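Subject: Structure handover

Hi,

Here is the structure I promised to send. Please open it next to this email and read along.

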Amino acid sequence: MSAVILGLTVCKYTVSAFTSSISHKPSLVRLFPFVSNNPKFTGSLRFHSNSISQLLAAIDNEVDPGKVDGTDFTVLKYPHPSLRAENAEITQEELDDGSIKKIVKEMFLVMYAAQGVGLAAPQVGINKRLMVYNESGDSKKWLQEIVMVNPKIVEFSAAKDVENEGCLSFPDMRGNVERSKWIKVEALSLKGKKIKKKFKKWESRIFQHEYDHLDGIVYVDRLAEDGKAEVQPALDDLAEQFGEGGVL
């Protein structure tokens, strides 16, 4: 969700009961024939809201944008050390001098190019406690853009669920991850104002995924033993491609 997804994601998330949601709706079956023809479909979706109709409209897969116009940032791949490094809290001075505002602008460029809804700063090599988000994933809906500076999860629900996740920092890999169904979050805005929010369902999952990045945690760390074994060959390939200096 990394999709996520809040990606806030440059991350991918799976809707497990997708087929049953559209099987009795002919208009939707026509829109998604690749789903209706495959009852075992578990494709990734980019979510825009909690309503089924809008979820079904958000079918675009996230992509690796490579080099993005207007920024030197790129999405870093495992095992780049920035994904495991400690992330510093942002100071008021940094907020006042405009440096964080510039980083945020470029993070949004990368996020939209990746067709995601959120991005954590370590994923572009900035080891700061910073996340950006637009639940629509649409750059034209800039009024929905949210910036979270020094976010903290202050409460987790005891209730949990398991969903399939992936992340652009781990191309062509997926796995089931257990997370809290809802969380309460505190953060600062770009202007230094306090933010308090409660995230539920998909928003909660995507936020937790991106928040993990700020703590040097990646989604494969949360996979069960069988899930980790499934992606281990791909992890080994990435480590070999990266060469010396990678942090597993």
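Below is what I found, starting with the whole chain and ending with single residues.

**Overall**

This is a predicted model. Mean pLDDT for the protein chain is 80, and 75% of the residues reach 70 or more. Please treat residues 1-60 with care. Their pLDDT stays under 50. The model still has 164 contacts beyond four places in sequence for that stretch.

The chain has eight helices and nine strands. It counts 248 residues, and 48% of them are buried. Its accessible surface is about 12200 Å². Carbon and sulfur atoms account for 51% of that surface.

**The cores**

Which residues touch the most other members of the largest nonpolar core? They are M107, L130 and V132, in a core of 23 residues. Three elements give two or more residues to this core: α6 (99-113), β4 (130-134) and β5 (145-156). The biggest share comes from α6, with eight residues.

Take M107 as a way in. Setting aside neighbours within four places in sequence, M107 contacts F73, L119, A120, A121, V124, L130 and V132. A second core is separate and has 13 residues, among them Y78, C167, V220 and L238.

**Helix α7**

α7 covers residues 201-214. Its 14 residues should span 20 Å at 1.5 Å a residue, and the end C-alpha atoms are 21 Å apart, so the two agree. Is this helix enclosed or open? The rest of the structure largely encloses α7, because 13 of its 14 residues are buried. Just after α7 comes G216, with a positive phi of about 75°.

**Helix α8**

α8 runs over residues 225-242, 18 in total. From first C-alpha to last it reaches 24 Å, close to the expected 26 Å. Where does α8 kink? The kink is at Q232, shortly before the proline P233, and is about 45°.

Four residues to look at in α8 are G227, V231, L235 and L238, which are buried. An α-helix has 3.6 residues a turn, so residues three or four places apart point the same way. The buried residues of α8 pack against β7 (170-180). L238 also belongs to the second core. After α8 comes G243, where phi is positive again, near 85°.

**The loop before β7**

S169 lies in the loop between β6 (160-167) and β7. Its relative accessibility is 0%, so S169 counts as buried. S169 and K77 are 92 residues apart along the chain, yet their C-alpha atoms are separated by 4.2 Å. Beyond four places in sequence, S169 contacts V75, L76, K77, Y78, L83, Q123 and L238. Two of these contacts, Y78 and L238, are included in the second core.

Y78 has another feature. A cis peptide bond joins Y78 to P79, with omega at about 5°. P79 sits in the loop between α4 (52-57) and α5 (92-97).

**Two positive phi values outside glycine**

N150 and D172 are worth a look at the backbone.

- N150 is in strand β5. Its phi is positive, near 50°. Is N150 buried or exposed? With a relative accessibility of 9%, under the 20% cut-off, N150 counts as buried.
- D172 is in strand β7. Its phi is positive too, near 65°. D172 counts as exposed, because its relative accessibility is 81%, over the 50% cut-off.

**K128**

K128 is in the loop between β3 (118-120) and β4. With a relative accessible area of 21%, K128 is partly exposed. Which residues does K128 touch, not counting those up to four places away in sequence? The list is N87, A88, I90, E94, A121, P122 and L214. A121 is also a contact of M107. The C-alpha atoms of K128 and V149 are separated by 8.7 Å, with their positions 21 residues apart along the chain.

**Where to start**

Start with M107, one of the residues that touch the most other members of the largest core. Then go to S169, which is buried, and follow its contact with L238 into α8. Finish at the kink at Q232.

Best wishes

Methods
Residues are numbered from 1 along each chain as its sequence is written. This is a predicted model: local features need pLDDT of at least 70, side-chain atom pairs count only at pLDDT 80 or more; totals for chains, interfaces and linings use all residues. Side-chain values use heavy atoms; hydrogens and water are left out. The expected span of a helix is 1.5 Å times one less than its number of residues. The bend at a residue is the angle between axes fitted to the seven residues ending there and the seven starting there. Buried means under 20% relative accessible area, exposed over 50%, partly exposed in between (1.4 Å probe, protein chains only). Contact means heavy atoms within 4.5 Å. Accessible areas come from the Shrake-Rupley method with a 1.4 Å probe; for residues, only the protein chains shown count as cover. A nonpolar core is a set of buried Ala, Val, Leu, Ile, Met, Phe, Trp, Tyr and Cys residues joined through side-chain atoms within 4.5 Å. pLDDT is the predictor's confidence in each residue, from 0 to 100.
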